[in-house]
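The following exercises concern strand pairing and burial. Please work through each task before reading its solution.

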Amino acid sequence: MRILRAAGRIAAPWSNGGGVTREIAVHPPGAGWDGFAWRVSLADVTRDGPYSPLPGVRRILTVVDGAGLELTVDGTPRLLPGRYRPFAFSGVATTVSRLLDGPVVNLNVMLREGRAAATVEVVAGSWSPERESEPYGRVAGGLGPVGRRPDLVEGPDPAGGLLVVALEGAALLMVPEESGESEVRLERFDAVLWAGPDALPDGLRTDGTVAVVRLSGRPLG
């Protein structure tokens with residue numbers, strides 16, 4: 001289990017000046033743009049503009065702060081008003097973003113085609129690994145079919161994992177330990193990553209909302 005605090009993230013400005021990105025987690029660890037199997041980040045978007053093309057990559061975008069946006073993907077407008085509406089699309093598509101009413105923050109999941117898959121689910125109140133309800137929505141992208149949650153992948157260099165990101169309010173994770181259960185508190189935009197054979201949490205409680213990203217893929221190497 002890795003606790004990934006929001007305070008430790010570095011903001012990387014976009015080349016077109018339209019915002020900044022803060023990486024939450026990437027696999028393999030430390031991978032750059034040409035080498036990742038999957039990458040999860042938060043982006044502050046401050047103005048309208050085109051997205052950079054990403055051949056060979058699938059994307060799942062979720063607005064997590066702000067009034068929402070409109071994405072035009074290969075000429076087809078897709079309205080994403082408000083927050084917590086995961087939307088999957090191809091990175092190679094010609095995509096233009098228009099802000100509906102001021103800046104937004106997006107949760108971005110990027111998946112290398114043929115190497116990784118993911119589902120993104122936004123939940124409120126409580127959650128456990130066996131949870132099936134979806135009060136806000138769930139979307140899949142990459143290798144797995146829509147509606148199916150990829151399994152965790154074990155191995156010496158696992159591409160799979162479970163990532164929980166606090167989006168609004170605080171969250172408490174119940175983590176099993178040999179001496180008894182303990183809690184991990186997450187503030188806004190803090191995250192926790194479980195990879196490969198790591199023991200999953202018993203559950204989570206929040207007074208706001210969290211994103212649950214289930215990742216899978218072929219072990220690398």
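**Exercise 1.** Determine how many residues of strand β11 are buried, and what covers its two faces.

*Solution.* Step 1: nine of the nine residues of β11 (residues 104-112) are buried, so this strand is largely enclosed by the rest of the structure. Buried means under 20% relative accessible area, exposed over 50%, and partly exposed in between, with a 1.4 Å probe and protein chains only. Strands are DSSP runs of E with at least two residues, and helices are runs of H or I with at least four, numbered from the N terminus. Step 2: V104, N106, N108, M110 and R112 lie on one side of β11, with V105, L107, V109 and L111 on the other, and both faces are covered.

The model is predicted: local features need pLDDT of at least 70, side-chain atom pairs count only at pLDDT 80 or more, and totals for chains, interfaces and linings use all residues. Residues are numbered from 1 along each chain as its sequence is written, and side-chain values use heavy atoms, leaving out hydrogens and water.

**Exercise 2.** Identify the strands joined to β11 by bridges.

*Solution.* Step 1: β4 (residues 38-45) runs antiparallel to β11, joined by eight bridges; pairing requires at least two bridges found by DSSP. Here V40 has V109 as its bridge partner. Step 2: β6 (residues 57-65) is also antiparallel to β11, through eight bridges, and V63 stands opposite N106.

**Exercise 3.** Which strands stand at the edges of the open four-stranded sheet?

*Solution.* Step 1: the order is β5-β10-β7-β8, with antiparallel pairing. Step 2: β5 (49-50) and β8 (76-81) stand at the edges, each with a single partner strand, so one side of each lacks a neighbour in the sheet. Step 3: β5 pairs with β10 (residues 95-99) over two bridges, where P50 stands opposite V96.
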